[in-house]
Amino acid sequence: MNKITAAITAVGAYVPDFVLTNKILETMVDTNDEWITTRTGIKERRILKDEGKGSSFLGIKAAQDLIAKKNLDPATIDMVIFATATPDLPVAANAAYTASKIGATNAFSYDLQAACSSFLYGMSTAASYIESGRYKKILLIGADKMSSIIDYTDRATCIIFGDGGGAVLFEPNEDGYGLQDEYLRTDGIGREFLKIEAGGSILPPSEETVAKKQHFVQQDGKTVFKYAVSNMADASTKIMERNNLTGEDVNWLIAHQANKRIIDATANRMELDENKVLMNIQRYGNTTSATIPLLLHDYEKQLKKGDNIVFASFGGGFTWGSIYLKWAYNS
Ligand code: UT7
């Protein structure tokens with residue numbers, strides 16, 4: 001019997017309707033379109049405005065899109081992994097709620113949190129379960145309602161983030177398509193530079209934490225930028241070396257969309273042509289767990305069976321890594 005690899009066999013996505021443009025942000029904080037565009041590449045982001053809806057809403061919509069496109073019977077899904085840094089509730093996972101809502105009645109499910117690397121790590125987790133032979137259909141969702149943890153008076157963070165959701169299906173493949181190799185790393189030094197201070201077990205919510213705005217994301221952008229540029233490029237070039245891939249052999253770079261300059265630096269180190277670098281940060285900003293599946297969704301038609309894709313991410317924690325995957329289908 002051939003070795004079982006874990007292939008992505010379907011993609012779905014959802015973004016909310018409301019568009020928060022750089023022009024609107026100019027009316028909210030001391031910033032301007034030119035600064036945001038040149039420093040980050042972002043032009044607009046989507047925001048989930050509806051009251052009472054959390055990140056599970058985005059994930060459920062993305063999963064339903066995938067299920068409809070693939071004509072998939074949700075009862076055949078074995079497992080649902082929900083990658084998110086903004087769960088609906090601190091306790092009671094998004095995954096269990098989502099699985100029930102989409103009709104995945106025979107699945108077990110859990111949430112996975114690794115900040116901006118949640119989806120990349122989720123790919124590793126889903127693929128390992130498939131490669132073990134134990135499960136046949138794993139739905140990996142990445143969705144974040146970043147607007148719920150952003151201070152819209154802080155120009156250092158509010159220009160960056162947006163809301164969105166995406167989903168992919170992993171299935172076994174015996175022809176060599178799917179995940180080939182991974183290089184994943186963490187470094188706890190990152191906790192100082194990108195965090196939400198309160199609301200966890202060290203500093204539970206109180207009137208004081210609310211007054212001090214400690215429930216919002218705080219980021220030392222310059223420091224995170226430096227670590228992101230060197231680590232994402234290192235991980236991506238390592239995975240290429242390990243698999244004897246040159247810039248010519250790689251068809252696409254699918255990188256977490258945090259800052260266009262970080263992605264460009266990674267592509268440079270990989271010696272990749274610009275047209276191989278998938279980008280949609282201009283439309284959605286940084287949607288944390290959703291950036292990678294949103295790229296797969298937006299560019300799905302251009303991906304061809306056998307294409308060599310390098311995935312890369314860097315995020316809070318710090319968490320980062322790279323995955324080499326052979327695309328498994330033409331759409
Ligand atoms: O996905 C999770 C991981 N996160 C990341 O990868 C984010 C990494 N960091 C970044 O992408 C960038 O550091 C930012 C986009 C967050 C900031 O860009 P930067 O080029 O590092 O800017 P900076 O923080 O060094 O600020 C440069 C200048 C400062 O003014 P002075 O001190 O030079 O006079 C800031 O006060 O730009 C100013 N500034 C702004 N100006 C207009 C900072 N934010 C803004 C703003 N609009 N929104």
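Which residue of β12 does I254 stand opposite? The answer, F311, appears in the last of the close-up views described below. The model is predicted: local features need pLDDT of at least 70 and side-chain atom pairs count only at pLDDT 80 or more, whereas totals for chains, interfaces and linings use all residues. Residues are numbered from 1 along each chain as its sequence is written, and side-chain values use heavy atoms, with hydrogens and water left out.

**View 1. The shell around the ligand comprises 22 residues.** A residue is near a molecule or strand if one of its heavy atoms lies within 4 Å of it. The closest residues are T31, R39, K222, N259 and N286. By residue class, the shell divides into ten nonpolar, seven polar and five charged. Here Ala, Val, Leu, Ile, Met, Phe, Trp, Tyr, Cys and Pro count as nonpolar, Asp, Glu, Lys and Arg as charged, and the others, Gly among them, as polar.

**View 2. Oxygen atoms of the ligand lie opposite polar atoms of the protein.** A polar contact is a pair of N or O atoms within 3.5 Å. A polar side-chain atom of K222 lies 2.5 Å from a ligand oxygen, and a polar side-chain atom of R261 lies 3.0 Å from an oxygen atom of the ligand. G221 contributes a polar backbone atom, 3.0 Å from a ligand oxygen. Of the 960 Å² of accessible area that the ligand has on its own (Shrake-Rupley method, 1.4 Å probe), the protein covers 74%. Two or more residues of the shell come from each of α2 (33-40), α8 (221-242) and α9 (260-269); helices are DSSP runs of H or I with at least four residues, and strands are runs of E with at least two. The most is given by α8, with four residues.

**View 3. Strand β7 (residues 163-173) is largely enclosed by the rest of the structure, because ten of its eleven residues are buried.** Buried means under 20% relative accessible area, with a 1.4 Å probe and protein chains only. Two strands pair if DSSP finds at least two bridges between them. Strand β1 (residues 5-14) pairs with β7 in the antiparallel sense over nine bridges, and I8 stands opposite F170. Strand β6 (residues 138-145) is also antiparallel to β7, over eight bridges; A143 has G165 as its bridge partner.

**View 4. Strand β11 (residues 252-255) is covered on both faces.** In a regular strand the side chains alternate between the two faces of the sheet. W252 and I254 on one side, and L253 and A255 on the other, are all buried. Four bridges join β11 to the parallel strand β12 (residues 308-315), where F311 stands opposite I254.

How values were computed: A polar contact is a pair of N or O atoms within 3.5 Å; within protein, one must be able to donate a hydrogen and the other to accept it, and residues adjacent in sequence count only if both atoms are side-chain atoms. Buried means under 20% relative accessible area, exposed over 50%, partly exposed in between (1.4 Å probe, protein chains only).
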